[in-house]
Amino acid sequence: METVIVEITDNDKQREEKLKAAGRVIRQGGLVAFPTETVYGLGADALNPQASRRIYEAKGRPSDNPLIVHICDKKDLEKITKHVPERAKKLADKFWPGPLTMIFEKNDRVPLETTGGLETVAVRMPDHAAALGLIKAGGGFIAAPSANTSGKPSPTQAEHVVLDMDGRIPMILDGGSVGIGIESTIVDFSGDCPMILRPGCITKSMIQEVIGEVKMDEGLKDENPKKPPKAPGMKYRHYAPKAKMILVDGSQEKVQAKINSLAKEAVKSGRGVGIIGTDESCRNYPLGIVKSIGTRADEDTIARHLYGILREFDEQDVEIIYSESFPSHGIGQAIMNRMLKAAGHQIIKV
Ligand code: TXA
Ligand code: MG
């Protein structure tokens, strides 16, 4: 299959036409990869079971891992769910469009192919003009997981999508680099108490400020690396770089000393070493391939670059990656959740 790559910018004169053409692909049951504010998505008509099945094929994704349905109008939430609790409406009013996904009981319009066989459906309204335009043009309900091959880091640039999906899907909308860089926060409203199933840049305290009590899935806590998480997708070994990755945690000075001594050992034994530091620390690492993930002064930059850096290391002759770790409050919690997964929970405390 030939994959057409279509550039889409805000002040493009042909924007409407391009979105219409992409919407046509979706309406006919085809796949279109598209940018959102979090990561690139791989979209299909969420109400068409055959179209949803194509997503699983293209990604090589296990079919029990449900998809997120993306909408472009808050009112459409009621069209695919049985009941929307008041607290969920409040969160939608506060954070939609934005990086928040909420889970509800689904109604009969949503096929089980889209929800991985579950009676619940995850819904999100993305904060990205091209994404919203595509959803509208495609009929209003687009199922989309991240547009990576299953097991790879989520794509944060169209180039990442091309590497994973070229020849497998008919169209990729190229909207440049994404703004946030890690996937949306997921809150489950299908139980008695709202529960965070995946941390993201909308944090627990931001949610609590709007609706009061919200729980954190036990499977997400650092103390429970073995407990299976509630979101089926969180249990797979995701975001894993080809090289082995080890995080080092502690005071900046000790972390740098430890990484340098580990790097020295590895180099001595002839192994290719990668190091993930920050704008502040990179110059203190004399050995290995050293990359800055961003600045500690603005943790949003760290989220934005994380997946791209993991992909870059995949292209290089590196057997082991030593990485600094980050404070796990605010967006740092989502960053550390993804980094710990990439590292298979290997962390050295100094
Ligand atoms: O930011 C995002 O959410 C991106 C962009 C494209 O919107 N999408 C994304 O989709 O990250 P995906 O498929 O890579 O991750 C969706 C996660 C998976 O862990 C899946 O198991 C979980 O959401 N999920 C979806 N529906 C669910 C449901 N009904 N119950 C529990 N977990 C669900
Ligand atoms: Mg994903």
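**Figure 1. His 70 and its neighbours meet ligand 1.** A polar atom in the side chain of His 70 sits 2.7 Å from an oxygen atom of ligand 1. Keep in mind that this is a predicted model. Two arginines reach the ligand too: a side-chain N or O atom of Arg 124 is 3.0 Å from an oxygen atom of ligand 1, and for Arg 198 the corresponding distance to a ligand oxygen is 2.9 Å. How many residues surround ligand 1? There are 26 around it, and the ones that come nearest are Thr 38, Asn 65, His 70, Ser 184 and Gly 233.

**Figure 2. Helix 8 packs against helix 9.** When two helices pack, we describe them by the angle between their axes and the distance between those axes. Here, helix 8 (residues 299-314) and helix 9 (residues 331-342) have axes that come within 9 Å and cross at roughly 20 degrees. Because angles under 35 degrees count as roughly parallel, helix 8 is roughly parallel to helix 9. Their crossing is left-handed. On the helix 8 side, look for Glu 299, Asp 300, Ile 302, Ala 303, Leu 306, Tyr 307 and Leu 310. They meet Ile 331, Gly 332, Ile 335, Arg 338, Met 339 and Ala 342 of helix 9. Sort the residues of this contact by class and you get nine nonpolar, one polar and three charged.

**Figure 3. Helix 1 crosses helix 4.** Helix 1 (residues 15-27) and helix 4 (residues 129-137) have axes 8 Å apart and pack at an angle of about 50 degrees. Helix 1 and helix 4 are therefore oblique to each other. This crossing is right-handed. Helix 1 brings Arg 15, Leu 19, Lys 20, Ala 22, Gly 23, Ile 26 and Arg 27 to the contact, while helix 4 brings Ala 129, Ala 130, Gly 133, Leu 134, Lys 136 and Ala 137. What's the mix of classes in the contact of helix 1 with helix 4? Seven of the residues are nonpolar, two are polar and four are charged.

**Figure 4. Helix 3 meets helix 6.** The axes of helix 3 (residues 86-95) and helix 6 (residues 204-211) are 9 Å apart, and the helices pack at an angle of about 120 degrees. That's why helix 3 and helix 6 are called oblique to each other. The crossing of helix 3 and helix 6 is right-handed. From helix 3, the contact uses Arg 87, Lys 90, Leu 91, Lys 94 and Phe 95; from helix 6, it uses Met 206, Ile 207, Val 210 and Ile 211. You'll find six nonpolar and three charged residues in this contact, but no polar ones.

**Figure 5. Two backbone oddities sit in loops.** Most residues other than glycine have a negative phi, and most peptide bonds are trans. Which form does the peptide bond from Trp 96 to Pro 97 take? It's cis, with omega near -5 degrees. To find Pro 97, go to the loop between helix 3 and strand 5 (100-105). The other spot is His 345, which isn't a glycine yet has a positive phi of about 65 degrees. His 345 lies in the loop between helix 9 and strand 16 (347-349).

How values were computed. Residues are numbered from 1 along each chain as its sequence is written. Chains are lettered from A and ligands numbered from 1 in the order in which they are written. This is a predicted model: local features need pLDDT of at least 70, side-chain atom pairs count only at pLDDT 80 or more; totals for chains, interfaces and linings use all residues. Side-chain values use heavy atoms; hydrogens and water are left out. Axes are lines fitted to C-alpha atoms, for helices over the stretch in contact, and angles run from 0 to 180 degrees between N-to-C directions. Helices (H or I, at least four residues) and strands (E, at least two) are DSSP runs, numbered from the N terminus. Angles under 35 degrees count as roughly parallel, over 145 as roughly antiparallel, 65 to 115 as roughly perpendicular and the rest as oblique. A crossing is left-handed if the near helix is turned anticlockwise from the far one by less than a right angle, and right-handed if clockwise. Contact means heavy atoms within 4.5 Å. Ala, Val, Leu, Ile, Met, Phe, Trp, Tyr, Cys and Pro count as nonpolar, Asp, Glu, Lys and Arg as charged, and the others, Gly among them, as polar. A residue is near a molecule or strand if one of its heavy atoms lies within 4 Å of it. A polar contact is a pair of N or O atoms within 3.5 Å; within protein, one must be able to donate a hydrogen and the other to accept it, and residues adjacent in sequence count only if both atoms are side-chain atoms.
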